[in-house]
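Let's take a walk through this fold, one helix pair at a time. Here is the model to keep in view as you read.

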Amino acid sequence: VDAAARLLSAGGTPPGVNEIARAADVSRRTVYQYFPTVDQLLLDATLGLLAQSDVDAAIDAADSRGATPVERVEAMIQALGNLAATSLPFGRSLVRLTVEAPAPEPGQPKRGYRRIGWIERAVEPLRAELDPDLFDRLVSSLAMVVGWEALIVLQDLRGIDGDEQVATSMWAARSVVQAALEEQATRAQ
């Protein structure tokens, strides 16, 4: 995994099993004993490169100062934005690896459990305020405006970089949270 991560960090095309085995000073057979496919190894290496603790710490810091759910989401987005300069190339690799890969089980997501976990933690205070289906829709909607895919769209389709990507994601996230709260108020009438 460390060898694959080093090769991924170098950029370019994702490395093959021979290149990874050489970099790790192991045989191809050893690689395949631990990882059924090269894609799985690359996926694990990509995920390992992410600084999950930075995002968790940002949400925890917002929580410790009594932040609103929107402020908690903004703290998560800012932490992800701070990591984007180094993690976006890995994110692009991860997206490439999973776009056409089959789901582990029918109807199950291919990836995203970390992002969903962060989003759920950030908006947890709203769980009691929103109907369960609306809370789930909020989490799903935030997943569309937070993360690598959103940053790729902003960079590739809009030509936006850095701080403006973060500001745009925050604006979209605030809009989504507000829409969920307004819908809940309408349902309550």
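## Where α6 meets α9

At roughly what angle do the axes of α6 and α9 cross? They cross at roughly 105°, and the two axes come within 10 Å. Angles of 65 to 115 degrees count as roughly perpendicular, so that is the label α6 gets relative to α9. Bear in mind that this is a predicted model.

On the α6 side, the contact uses Ala-84, Ser-87, Leu-88, Gly-91, Arg-92, Leu-94 and Val-95. Helix α9 answers with Trp-148, Glu-149, Leu-151, Ile-152, Gln-155 and Asp-156. Sorted by type, the residues of this contact are seven nonpolar, three polar and three charged. Helix α9 covers residues 148-157, and its buried residues include Trp-148, Leu-151 and Ile-152, along with Ala-150 and Leu-154. Just past the end of α9, Gly-159 has a positive phi of about 70°.

## Where α6 meets α10

Helix α6 also packs on α10 (residues 162-188), at an angle of about 155° and with the axes 10 Å apart. Since the cut-off for roughly antiparallel is over 145 degrees, α6 and α10 earn that description. As for handedness, α6 passes α10 in a right-handed crossing.

Who does the touching here? From α6 come Val-70, Val-73, Glu-74, Ile-77, Gln-78 and Gly-81, and from α10 come Val-166, Ser-169, Met-170, Ala-173, Arg-174 and Val-177. Those residues break down into seven nonpolar, three polar and two charged.

Also in α6, which spans residues 69-99, sits Ala-85. Its C-alpha atom is 7.8 Å from that of Gly-162, although the two residues are 77 apart along the chain. Is Ala-85 buried or exposed? It counts as exposed, because its relative accessibility is 72%, and the bar for that is over 50%.

## Two nonpolar cores

Nonpolar side chains in soluble globular proteins tend to be buried together. In this model, the largest nonpolar core has 33 residues, and the members that touch the most others are Val-55, Val-73, Met-76, Ile-77, Val-123, Leu-138 and Leu-142. Helices α5 (52-64), α6, α7 (113-123), α8 (132-145) and α10 each give two or more residues to this core.

Take Leu-142 as an example: setting aside neighbours within four places in sequence, its contacts are Val-73, Ile-119, Val-123, Ala-173, Val-176 and Val-177. A separate core of 15 residues lies apart from the largest one, and its members include Ala-5, Ala-45, Phe-90 and Leu-97.

## An odd phi at Asp-25

Most residues other than glycine have a negative phi. Asp-25 goes the other way, with a positive phi near 60°. Where is Asp-25 placed? It lies in the loop between α2 (17-24) and α3 (28-34). With a relative accessibility of 72%, Asp-25 counts as exposed.

## The whole chain

Zooming out, the chain has ten helices and zero strands. Its C-alpha trace spans about 65 × 35 × 35 Å along the principal axes.

How much of the chain is buried? Of its 189 residues, 41% are. As for contacts between residues at least 6 apart in sequence, 64% join residues at least 24 apart.

Note on methods
Residues are numbered from 1 along each chain as its sequence is written. This is a predicted model: local features need pLDDT of at least 70, side-chain atom pairs count only at pLDDT 80 or more; totals for chains, interfaces and linings use all residues. Side-chain values use heavy atoms; hydrogens and water are left out. Buried means under 20% relative accessible area, exposed over 50%, partly exposed in between (1.4 Å probe, protein chains only). Helices (H or I, at least four residues) and strands (E, at least two) are DSSP runs, numbered from the N terminus. Axes are lines fitted to C-alpha atoms, for helices over the stretch in contact, and angles run from 0 to 180 degrees between N-to-C directions. Angles under 35 degrees count as roughly parallel, over 145 as roughly antiparallel, 65 to 115 as roughly perpendicular and the rest as oblique. A crossing is left-handed if the near helix is turned anticlockwise from the far one by less than a right angle, and right-handed if clockwise. Contact means heavy atoms within 4.5 Å. Ala, Val, Leu, Ile, Met, Phe, Trp, Tyr, Cys and Pro count as nonpolar, Asp, Glu, Lys and Arg as charged, and the others, Gly among them, as polar. A nonpolar core is a set of buried Ala, Val, Leu, Ile, Met, Phe, Trp, Tyr and Cys residues joined through side-chain atoms within 4.5 Å.
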